[in-house]
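Me: I'd like to learn how to read a structure feature by feature. Could you walk me through this one?

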Amino acid sequence: MGRRGPHGTDIWKLLMWEQQWYREFERIAFGYVSGMTVPPPPIRGLKLKSPWTVKQLRVLQRRQNLWNALIRARTARQVRVVCKRWGKLIPKDLAFFPQRLEEDASDFFAMKKDKAFPRARYSNEARVTFLARGMAGAMLGLRYTTSIGLLRKMKHGVKCECWRCDRDRREAESEAHFQGAFLMEQELKSLKKEKTR
Ligand SMILES: [Zn+2]
């Protein structure tokens, strides 16, 4: 089973953990998990009617505050404090993630201090990826630099079955579906206009 990379690391096991950590970090960084049916939060300035309730928005804000605190933590001890807050905010069956991060707070803090850690204000997704890859390595007893390197250098062919390629394909499909529906709607509108002329 599974392709083996350098040093006998099972890249599929690493990918599995990357996906798990990515999902949990994504949940607090963005407030939702991609592929979920909950609509993305409203964008400030856009006057679209928000499908989010006030209560949902409050939860979203709390999650994002947590992520910001995690990213801004200045010591491993602060990371641990945030992990405790994180644990209280989520269902019991997800408690594994903040607990594990609390245990690995020093490694996590080292990742954040690494010069390769994405620091630009808008690099939230890159930060989620970096930290998820690092934590995936920790799960298999690898140094974070090793697991980040292995996952970054992985070759993704057209038929790659990894979770990222799978997600990207599904996203592209729904985008095409959405565009198709939009074009159809436009066409129907122009048909109606022709009729009323
Ligand atoms: Zn892939």
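Reply: Happy to, and keep in mind that this is a predicted model. Let's begin with what surrounds a helix. The buried residues of helix 5 are covered by elements that include helix 3 (76–89), helix 4 (96–103), helix 6 and helix 7.

Me: Which residues of helix 5 are buried?

Reply: Ala-105, Phe-108, Met-111 and Lys-112 are the buried residues of helix 5. Around the axis they take up an arc of only 120 degrees, which means that they sit on the same side of helix 5.

Me: And Ser-106, where is it placed?

Reply: Ser-106 is in helix 5. To judge burial, count neighbours: a residue is buried if 20 or more other C-beta atoms lie within 10 Å of its own, and exposed if 12 or fewer do. Ser-106 has 13 C-beta neighbours inside 10 Å, so it counts as partly exposed. You can also look for partners from elsewhere in the chain: Ser-106 and Arg-77 are 29 residues apart along the chain, with 8.3 Å between their C-alpha atoms.

Me: Let me zoom out. How many helices and strands does the protein chain have?

Reply: There are 8 helices and 0 strands in the protein chain. Going along the sequence, the pattern reads α-α-α-α-α-α-α-α. Of the chain's 197 residues, 23% count as buried. For the fold as a whole, take the contacts between residues at least 6 apart in sequence: 50% of these join residues at least 24 apart.

Me: How do I check the length of a helix, say helix 6?

Reply: Compare the expected span with the distance between the ends. Helix 6 (residues 124–139) has 16 residues, which at 1.5 Å a residue should span 22 Å, and its end C-alpha atoms are 22 Å apart, so the two agree.

Me: How many residues of helix 6 are buried?

Reply: In helix 6, 12 of the 16 residues are buried, so the rest of the structure largely encloses this helix. Among them are Arg-127, Phe-130, Leu-131, Arg-133 and Met-135. The buried residues of helix 6 pack against helix 1, helix 2, helix 5 (105–113) and helix 7 (144–153). Just after helix 6, look at the backbone of Gly-141, where phi is positive, at about 75 degrees.

Me: What about the loop between helix 5 and helix 6; is Ala-116 there buried or exposed?

Reply: Ala-116 lies in that loop, between helix 5 and helix 6. It has 12 C-beta neighbours inside 10 Å, so it counts as exposed. Its C-alpha is 8.8 Å from that of Phe-130, a residue 14 places away in sequence.

Me: Which residues of helix 7 are buried?

Reply: Tyr-144, Ser-147, Ile-148, Leu-150 and Leu-151 are buried in helix 7. Looking down the axis of helix 7, you find its buried residues within an arc of 165 degrees, so they line one face of the helix. Arg-152 and Lys-153 are exposed on the other side of helix 7. The cover over the buried residues of helix 7 includes helix 1, helix 5 and helix 6.

Me: Next, crossing angles. How do the axes of helix 1 and helix 2 cross?

Reply: Check the approach of the axes and then the angle. The axes of helix 1 (residues 11–29) and helix 2 (residues 54–72) come within 6 Å, crossing at roughly 115 degrees. The two helices, helix 1 and helix 2, are therefore roughly perpendicular to each other. Helix 1 contributes Arg-27, Ile-28 and Ala-29 to the contact, while helix 2 contributes Arg-63, Leu-66 and Trp-67. By type, the residues in this contact of helix 1 with helix 2 are 4 nonpolar, no polar and 2 charged.

Me: One last residue: which residues does Trp-163 touch?

Reply: Leaving out residues up to four places away in sequence, Trp-163 touches Leu-15 and Gln-19. Trp-163 itself is in helix 8 (residues 163–196). With 15 C-beta neighbours inside 10 Å, Trp-163 counts as partly exposed. For a long-range pair, compare Trp-163 with Trp-12: they are 151 residues apart along the chain, and their C-alpha atoms are separated by 9.9 Å.

Methods:
Residues are numbered from 1 along each chain as its sequence is written. This is a predicted model: local features need pLDDT of at least 70, side-chain atom pairs count only at pLDDT 80 or more; totals for chains, interfaces and linings use all residues. Axes are lines fitted to C-alpha atoms, for helices over the stretch in contact, and angles run from 0 to 180 degrees between N-to-C directions. Helices (H or I, at least four residues) and strands (E, at least two) are DSSP runs, numbered from the N terminus. Angles under 35 degrees count as roughly parallel, over 145 as roughly antiparallel, 65 to 115 as roughly perpendicular and the rest as oblique. Two residues are in contact if their C-beta atoms, placed from the backbone, lie within 7 Å. Ala, Val, Leu, Ile, Met, Phe, Trp, Tyr, Cys and Pro count as nonpolar, Asp, Glu, Lys and Arg as charged, and the others, Gly among them, as polar. The expected span of a helix is 1.5 Å times one less than its number of residues. The arc is that of the directions from the helix axis to the C-beta atoms.
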